[in-house]
Structure formats: structure tokens, C-alpha cells
Amino acid sequence: MKAFKVLDIGQSPALVEISQPSPGAGEILLEIHACGLNFADLLMIDGQYQETPDVPFTLGMEVAGVVVGLGPGAENIAIDDR
């Protein structure tokens, strides 16, 4: 699978190949069909957002897709939910 990652603060993000994560407790795994980069994402690229994670990190705080995995305790959602 691919992810749009910031590898170094202040540098252009890169589309990189990553292994598929497994959802943890209370989490879901989405097959992303659309992703938007919002203002906070753009600030994080330059390390200017108040909660910028350590590099490397994946951009895309706005997503739409379909649920393909459920972690333990994920409630009120099912596989194939949009």
C-alpha cells in the first residue's frame, strides 16, 4: 500500500510503499478512496502545527473510504461500512 509521508520537516512529502497496518484496540482500518490535505496538514509539513508528530509521519487528516478491518472493541461499525 502507499502513504503520503513527510520524511523530513520542510521537505516535500513523498508517496512511499508501506506494509498494511493492523487496527489496534478500538481502531478501524480503512481502504481510502479519497484524501484531502487540509491547512493543518500543510502546516505539519513545515513543522508549524501545534501537534506536529515526529518524522516520518503520514499526511491526510481528511479521508473517505470503506472499512476493511476492525480492531478489538471497535463498536457501532462494520466491515464494508463507508
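Two strands count as paired where DSSP finds at least two bridges between them. In this predicted model, three strands meet that condition in one open sheet, ordered β2-β1-β4 and antiparallel in its pairing. The edges of the sheet are β2 and β4, each of which pairs on one side only.

**The chain as a whole**

The chain holds one helix and five strands. Read from the N terminus, the order of elements is β-β-β-α-β-β. The C-alpha trace spans about 40 × 25 × 20 Å along its principal axes. Of the 82 residues in the chain, 21% are buried. The accessible surface amounts to about 5700 Å², and carbon and sulfur atoms account for 50% of it. If contacts between residues at least 6 apart in sequence are taken, 57% of them join residues at least 24 apart.

**The sheet**

Strand β1 covers residues 2–6 and strand β2 covers residues 14–17; the two are antiparallel and share four bridges. Within this pairing, alanine 3 has valine 16 of β2 as its bridge partner. Strand β4, residues 57–58, is also antiparallel to β1 and is joined to β1 by two bridges. Here valine 6 lies opposite phenylalanine 57 of β4.

**Phenylalanine 57 and the core**

Phenylalanine 57 belongs to strand β4. Phenylalanine 57 is classed as buried because its relative accessibility is 5%, and the limit for that class is under 20%. Phenylalanine 57 is also a member of the largest nonpolar core, a set of five residues that further includes Val6, Met44, Ile45 and Leu59. Val6 thus appears twice in this account: as the residue opposite phenylalanine 57 and as a member of the core.

When residues up to four places away in sequence are set aside, phenylalanine 57 touches Phe4, Lys5, Val6, Ile9, Met44 and Thr52. Val6 and Met44 are among these contacts, and both are listed in the core. Phenylalanine 57 is 44 residues from proline 13 in sequence, with a C-alpha to C-alpha distance of 9.6 Å.

The residue before phenylalanine 57 in the numbering, proline 56, sits in the loop between α1 and β4. The peptide bond leading from valine 55 to proline 56 is cis, with omega near -5°. Most peptide bonds are trans, and most residues other than glycine have a negative phi.

**A nonpolar patch on the surface**

Four residues, Phe4, Leu15, Leu37 and Leu42, make up a nonpolar patch on the surface; together they have about 360 Å² of accessible area. Leucine 42 lies in helix α1, which covers residues 39–45. With a relative accessibility of 45%, leucine 42 is therefore partly exposed. Phe4, another member of the patch, is one of the residues that phenylalanine 57 contacts.

**The segment after β5**

Strand β5 covers residues 62–70, and isoleucine 79 falls in the segment that follows. Its relative accessible area is 42%, so isoleucine 79 counts as partly exposed. Apart from residues up to four places away in sequence, isoleucine 79 touches Val67, Val68, Gly69 and Leu70. Glycine 69 is 10 residues from isoleucine 79 in sequence and 6.3 Å from isoleucine 79 in space, C-alpha to C-alpha.

Asparagine 76 is placed in the segment after β5, as is aspartate 80. Asparagine 76 is not a glycine, yet its phi is positive, at about 60°. Aspartate 80, likewise not a glycine, has a positive phi of about 80°. Asparagine 76 is classed as exposed because its relative accessibility is 80%. Aspartate 80 is exposed as well, with a relative accessible area of 59%; the class begins over 50%.

**Accessibility of the residues discussed**

| Residue | Relative accessible area | Class |
|---|---|---|
| Phenylalanine 57 | 5% | buried |
| Isoleucine 79 | 42% | partly exposed |
| Leucine 42 | 45% | partly exposed |
| Aspartate 80 | 59% | exposed |
| Asparagine 76 | 80% | exposed |

Notes:
Residues numbered from 1 in each chain as written. Predicted model: local features only at pLDDT ≥ 70, side-chain atom pairs only at ≥ 80, totals over all residues. Heavy atoms only, no water. Patch = residues over 30% accessible without salt bridge, like charges linked within 9 Å, V, L, I, M, F, W, Y side chains within 5 Å. Areas by Shrake-Rupley, 256 points an atom, 1.4 Å probe, with all protein chains shown as cover. Salt bridge = Lys/Arg side-chain N within 4 Å of Asp/Glu carboxyl O. Buried < 20%, exposed > 50% of the residue type's maximum accessible area, 1.4 Å probe, protein only. Core = buried A, V, L, I, M, F, W, Y, C linked by side-chain atoms within 4.5 Å. Contact = heavy atoms within 4.5 Å.
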